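Q: Please take a close look at one residue and its surroundings in this model. Then work outward to the packing of the chain.

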Amino acid sequence: MPKIQAASNAEQREHTKRAILEAFGQLLYSQGLTGLTMTHVAKTAGVGRTAVYNYFADMGELLVAYTLDETERFMTDLQGDLEGVENPVDKLGIYVRAQIDDLSRRHLPPGPAMRTVLSPDDFQKLGEHVGALRGMLTAILQEAVEDGWLPNGDLQEMGRLVHSSLTATADREAQSEEARAAHERHVQATVLFALRGLGAQFDAQGSPVRLEVPHPALSVAV
């Protein structure tokens with residue numbers, strides 16, 4: 001069993017915690033949540049089973065910690081990708097692509113499965129944190145609507161439209177060059193599908209253009 005080396009006790013604890021979270025993510029990706037135990041996580045992380053319990057009381061707490069950690073990482077990376085991008089339609093494209101890449105890289109259980117292992121308080125905590133990510137999308141959509149790049153619509157409904165385009169596209173990370181090329185074509189098609197579904201228009205070079213005339217609202221709720 002490999003030992004995790006660190007210069008101080010604080011670093012040792014952080015390294016151990018990181019190893020546990022990464023091991024949990026690997027197992028969640030490869031086999032899903034069903035049947036996953038703390039013993040599996042400990043073995044994959046290269047630590048004792050007791051060590052896992054020193055950080056996380058149960059699988060529910062570990063699932064919350066992993067999800068929050070991954071969401072924070074995703075938001076940080078996404079904010080970096082969006083930095084310096086001015087056109088809100090381009091921002092939407094970056095958001096959609098980032099979500100597809102993230103869904104392809106990791107495998108989180110859907111909401112109903114989360115409820116089976118989480119307490120009501122933990123599930124609410126998770127929802128509030130994930131809501132911050134949805135808030136980033138809502139802000140981009142609002143900017144695009146207000147600046148005339150997209151037709152008006154219910155922002156929450158528009159966000160659901162975006163996310164509904166992603167699940168079927170996300171797949172396991174492509175390994176071969178041919179698979180990566182096919183995946184990239186699929187991602188590009190999904191990004192364009194999502195943007196056009198929201199009402200975005202493009203010129204002959206594929207650059208987004210502002211809507212010249214008022215368009216019908218995307219949602220009947222508006």
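The request centres on aspartate 69, and the answer below starts there.

Q: Where is aspartate 69 found, and with which residues is aspartate 69 in contact, leaving aside its neighbours within four places in sequence?

A: First, the basis. This is a predicted model, with residues numbered from 1 along each chain as its sequence is written. Local features need pLDDT of at least 70, side-chain atom pairs count only at pLDDT 80 or more, totals for chains, interfaces and linings use all residues, and side-chain values use heavy atoms, with hydrogens and water left out.

Aspartate 69 is found in helix H4, residues 59-82. Helices (H or I, at least four residues) and strands (E, at least two) are DSSP runs, numbered from the N terminus. Aspartate 69 has 19% relative accessibility, so it counts as buried. Buried means under 20% relative accessible area, exposed over 50%, partly exposed in between (1.4 Å probe, protein chains only).

Leaving aside neighbours within four places in sequence, aspartate 69 is in contact (heavy atoms within 4.5 Å) with Arg18 and Leu21. The side chains of aspartate 69 and arginine 18 make a polar contact at 2.8 Å. Such a contact is a pair of N or O atoms within 3.5 Å; within protein, one must be able to donate a hydrogen and the other to accept it, and residues adjacent in sequence count only if both atoms are side-chain atoms. Leucine 21 is 48 residues away along the chain, with 8.6 Å between the C-alpha atoms.

Aromatic pairs come next. Rings of Phe, Tyr and Trp (its six-membered ring) pair if their centres lie within 6.5 Å; planes under 30 degrees apart count as stacked, over 60 as edge-to-face and the rest as tilted. The count comes to 2 aromatic pairs. In one, the rings of phenylalanine 24 and tyrosine 66 have centres 5.4 Å apart and planes at 70°, so the pair is edge-to-face. Phenylalanine 24 lies in helix H1 (residues 9-31) and tyrosine 66 in helix H4, so the pair ties together parts 42 residues apart in sequence. Phenylalanine 24 is buried, at a relative accessible area of 0%. Tyrosine 66 is buried too, at 5%. Tyrosine 55 and phenylalanine 56 form a tilted pair, 6.4 Å centre to centre with 40° between the planes. Both tyrosine 55 and phenylalanine 56 are buried.

Now helix H2, residues 38-45. Met38, Val41, Ala42 and Ala45 are buried there. They cover an arc of only 100° around the axis, which puts them on the same side of H2. The arc is that of the directions from the helix axis to the C-beta atoms. The cover over these buried residues includes H1, helix H3 (49-55) and H4. Just after H2, glycine 46 takes a positive phi of about 80°.

H4 also feeds a nonpolar core. The term means a set of buried Ala, Val, Leu, Ile, Met, Phe, Trp, Tyr and Cys residues joined through side-chain atoms within 4.5 Å. The largest has 30 residues, and Leu78, Leu92, Leu141 and Leu150 have the most contacts inside it. The elements giving two or more residues to this core are H4, helix H5 (88-105), helix H7 (120-146), helix H8 (155-164) and helix H9 (177-197). H7 gives the most, with 7 residues. Apart from this core lies another, of 26 residues, among them Leu36, Leu62, Tyr66 and Leu126.

Finally, the whole chain. Its secondary structure comes to 9 helices and 2 strands. Of its 222 residues, 40% count as buried.
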